[in-house]
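Got your viewer open and a selection box ready? Here is a walk through the model, one stop at a time.

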Amino acid sequence: MQFSKRLDRFGDEVFSSLNQRRIELERQGRTFYNLSIGTPDFETDIAIRRALADAAMEPANWRYALRDSDALLDEVIAYYKARFGVTLTRDMIASCYGSQEGIGHIGLVLCNEGDTVLLPSPCYPVFIAGAKMAGAEPWYYPMTEETGFLPDLSMIPDDVADRAKYMIVSLPSNPMGSIGSPELYEALIAFARQHDIVLIHDNAYSDIIYDGVVGGSFLQYAGAAEVGAEFFSLSKSFNLTGARVSFLIGNPALVEAFKKLRSQIDFGMFLPIQHAAIAAMRTERARVKAQCDDYQARRDALCEGMSAIGWEIPKNKGSMFVWAKLPKPYTSSMDFCLELMDRAGVICTPGASFGPLGEGYVRFALVLPPEKIREVCAAVKASGILGG
Ligand SMILES: Cc1ncc(COP(=O)(O)O)c(C=O)c1O
């Protein structure tokens, strides 16, 4: 069979060699601490599961949904008002099957072949895949230690900004765990306006933000809905990862274009899942905050535990990820990950899988409780991989 040239735009799956090695070691009876994939281990609230189950018993809910129900759209409107003080209208909202799918398709809505797209580096991989799927060329703006792991707009040349079609910003960030500020969002909106760029904010971690900071929405800032939109995922705040629910929220013309593209290939979100999404957005804030505290305890266990054994890892400010510089003398994140798995039984993700500027780091996902994370630190120490 001959496959499309489009497929050649995507590299080999980074996880495959790690997985292969893990399977070999598991066959030998080894067990692992897996901190590689950001899938929450917290239980989905019973009220959400019940809403899904009850709706699934209703025969009419097994038809094509075709569209987002008014009840779903109105729940998003109520949520944004209560949570962020943002006023939305129904034409500013479109559901998608997770931000992953939405971001994967957004390039097809906004770009022609050869167009320029501004993406962070390091970044969550679908930002790159979505641009490439559309035949666009990513231009990577650095989000490294030198820039405080934040966008520095002065590093984007005027001619690049002038030809860019869209820019993705995602804070709290994956994998770096950095967070935004009002000044940054205001500067981004002014920049988008000046250069006629569509701004896409990926807000996957609005509820996983630490040390007393309250997460926000890009749409809280004046002019945001004129220049762009944000992806609001239910995956992490409400442990809905497998149900695949996110929304593109913002500029009505962009939302309309997004719906037009998706309606060519989709008949709408399964109605029982729409009911579950409504229940999720009604979750008590105290519950979401308690979960965030649990993530913070995990972060503290990991960063303090590793620092105590000689691997200095600064505390991330948000997201469910810790971004750690390779200990000396390692320089290849993939080699280090393979060795860490072999010697300590700990699996993390090589920084190189997050784009050109991710090399030199690894990412830990905070998907185990603090007591297990303390075992992880003990295993790393016992392995001798840190030298000394
Ligand atoms: C920054 C970021 N965006 C999007 C996603 C995907 O979210 P969803 O489950 O809504 O597809 C993730 C998942 O880890 C993420 O880290």
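Is E5 mostly covered or mostly open, and how many of its residues are buried? Select E5, residues 164-169, and look around: 5 of its 6 residues are buried, so call the strand mostly covered. Keep in mind as you go that this is a predicted model.

**Stop 1: the neighbours of E5**

Leave E5 coloured and add strand E3, residues 116-121. E3 pairs with E5 in the parallel sense, over 3 bridges. For one of these contacts to look at, pick Leu 118, whose bridge partner in E5 is Met 167.

Now stay on Met 167 and turn to E6, where its bridge partner is Leu 199. E5 and E6 are also a parallel pair, held over 4 bridges. From E6 (198-202), carry on to E7 (228-233): these two run parallel and are joined by 4 bridges. Click His 201 here, and you should find Glu 230 of E7 standing opposite.

**Stop 2: the whole sheet**

Zoom out and show the full set. You get 7 strands in an open sheet, ordered E2-E8-E7-E6-E5-E3-E4, with mixed pairing. Check the two ends: E2 (93-96) and E4 (137-142) are the edge strands, and each has a single partner, so one side of each has no neighbour in the sheet. Neighbouring strands here are turned against each other by 25 degrees on average, ignoring direction.

Next, switch on helix H4, residues 98-110. H4 packs on this sheet and touches E2, E3, E5, E6, E7 and E8. Compare H4 with E7 while you are there: their directions make about 160 degrees.

**Stop 3: the ligand**

Keep H4 on screen and centre on the ligand. Which element gives the largest share of the shell around the ligand? That is H4, with 3 residues. The shell counts 13 residues, and the ones that come nearest are Gly 98, Gln 100, Asn 174, Ser 233 and Ser 235. Colour the shell by residue type and you will see 10 polar, 2 nonpolar and 1 charged.

**Stop 4: between the domains**

Now colour by domain. The domain assignment gives domain 1 as 5-43 + 286-382, and domain 2 as 46-284. Their C-alpha centres lie 25 Å apart. Where the two meet, 30 residues of domain 1 are in contact with 32 residues of domain 2.

Look at the domain 1 side of that contact. Helix H11 (285-308) and strand E9 (321-325) each supply at least two residues to it, and the largest share, 7 residues, comes from H11. By type, this side of domain 1 divides into 14 nonpolar, 10 polar and 6 charged residues.

**Stop 5: the three-stranded sheet**

Follow E9 to the last stop. Here 3 strands make an open, antiparallel sheet in the order E9-E12-E11. E9 and E11 (349-350) are at the edges with a single partner strand each, so one side of each is left without a neighbour in the sheet.

Select E11 together with E12 (361-365), and look for the 2 bridges that join this antiparallel pair. One residue to label is Thr 349, whose bridge partner in E12 is Arg 363. To finish, show helix H12, residues 333-344: H12 lies across E11 and E12 and runs at about 50 degrees to E12.

Conventions. Residues numbered from 1 in each chain as written. Predicted model: local features only at pLDDT ≥ 70, side-chain atom pairs only at ≥ 80, totals over all residues. Pairing = 2+ DSSP bridges. Axes fitted to C-alpha atoms, helices over the stretch in contact; angles between N-to-C directions. Contact = placed C-beta atoms within 7 Å. Near = placed C-beta within 6 Å. Nonpolar A, V, L, I, M, F, W, Y, C, P; charged D, E, K, R; others polar. Domains from an automatic or database assignment. Buried ≥ 20, exposed ≤ 12 C-beta atoms within 10 Å, placed from the backbone.
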